[in-house]
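Trainee: I would like a close look at one part of this model. Could you take me through helix packing and the charged pairs around it?

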Amino acid sequence: MRAKKASSEVSSGKRKRWSPSEKLRIVLAGMEPGVEVSDLCRREGLNPTMYYQWKRTLLGAAERVFQTKPLQPSAREERLSQALDRAKDVIVEITSENLELKKRFSD
């Protein structure tokens, strides 16, 4: 006869944190033919309700993967692009001034 574990040994009160790649792996595994979601969840230590929530999230976001409309750049990307454009303009200006000076002094 096995002794029961103390309640503090059974649960530490902390939830497992699943990385996005782990979530994707588990959801895709559950979508394989012949895979029982309940067995998969038991092996992974996951509540089936959470599995189905992840699956809904994945399938809901899948449409964006196939959209042809380009995504809008973030505010940071926009600022960096503007700074790059200004830097290019300065380079063009300095290069043209340099060429003019070379022409003046070479004649």
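Mentor: Happy to; here is the setting, followed by the helices and then their salt bridges.

Keep in mind throughout that this is a predicted model. The protein chain has five helices and zero strands, so its pattern along the sequence reads α-α-α-α-α. Of its 107 residues, 9% count as buried. The chain exposes about 10,100 Å², and carbon and sulfur atoms supply 55% of that area. Among contacts between residues at least 6 apart in sequence, 44% join residues at least 24 apart.

Let us start with α3 and α4. Two packed helices are described by the angle between their axes and the distance between the axes. For α3 and helix α4, which covers residues 48-65, the axes come within 9 Å and cross at roughly 110°. That crossing makes α3 roughly perpendicular to α4. On the α3 side the contact is made by V37, L40 and C41, and on the α4 side by P48, Y51 and Y52.

Helix α4 also packs against α2. Here the axes are 10 Å apart and the angle is about 95°, and α2 and α4 are therefore roughly perpendicular to each other. From α2, the residues in this contact are K23, L24, I26, V27, L28 and G30, and from α4 they are Y51, W54, K55 and L58. Notice Y51: this residue of α4 takes part in the contact with α3 and in the contact with α2.

Two of the α2 residues lead us to the surface. L24 and L28, together with M31 and L59, make a nonpolar surface patch of about 340 Å². M31 sits in the loop between α2 (20-30) and α3 (37-44). With a relative accessible area of 38%, M31 is partly exposed. L24 and L28 thus appear in the patch and also in the packing of α2 on α4.

Now for the charges. Side chains of opposite charge can pair when their charged atoms come close. A search of the whole structure finds three salt bridges.

The pair to look at beside the helix packing is E44 with R25, whose closest N and O atoms are 3.0 Å apart. E44 lies in helix α3 and R25 in helix α2, so this salt bridge ties together parts that are 19 residues apart in sequence. E44 is partly exposed at 22% relative accessibility, a value to set against the cut-off for buried, which is under 20%. R25 is partly exposed as well, at 42%.

Next comes a pair within α3. The side chains of R42 and D39 meet in a salt bridge with an N to O distance of 2.9 Å. R42 and D39 are three residues apart in helix α3, so about one helical turn separates them. R42 counts as exposed, at 61% relative accessibility, while D39 counts as partly exposed, at 32%.

The remaining pair is K16 and E22, whose side chains meet in a salt bridge at 3.9 Å, N to O. K16 is partly exposed at 48% relative accessibility, and E22 is partly exposed at 25%.

To bring this together, α4 is roughly perpendicular to α3 and roughly perpendicular to α2, while the salt bridge of E44 and R25 ties α3 to α2.

Terms used
Residues are numbered from 1 along each chain as its sequence is written. This is a predicted model: local features need pLDDT of at least 70, side-chain atom pairs count only at pLDDT 80 or more; totals for chains, interfaces and linings use all residues. Side-chain values use heavy atoms; hydrogens and water are left out. Helices (H or I, at least four residues) and strands (E, at least two) are DSSP runs, numbered from the N terminus. Buried means under 20% relative accessible area, exposed over 50%, partly exposed in between (1.4 Å probe, protein chains only). Contact means heavy atoms within 4.5 Å. Accessible areas come from the Shrake-Rupley method with a 1.4 Å probe; for residues, only the protein chains shown count as cover. Patches are made of residues with over 30% relative accessible area and no salt bridge: like charges are joined within 9 Å, nonpolar side chains (Val, Leu, Ile, Met, Phe, Trp, Tyr) within 5 Å. A salt bridge is a side-chain nitrogen of Lys or Arg within 4 Å of a carboxyl oxygen of Asp or Glu. Axes are lines fitted to C-alpha atoms, for helices over the stretch in contact, and angles run from 0 to 180 degrees between N-to-C directions. Angles under 35 degrees count as roughly parallel, over 145 as roughly antiparallel, 65 to 115 as roughly perpendicular and the rest as oblique.
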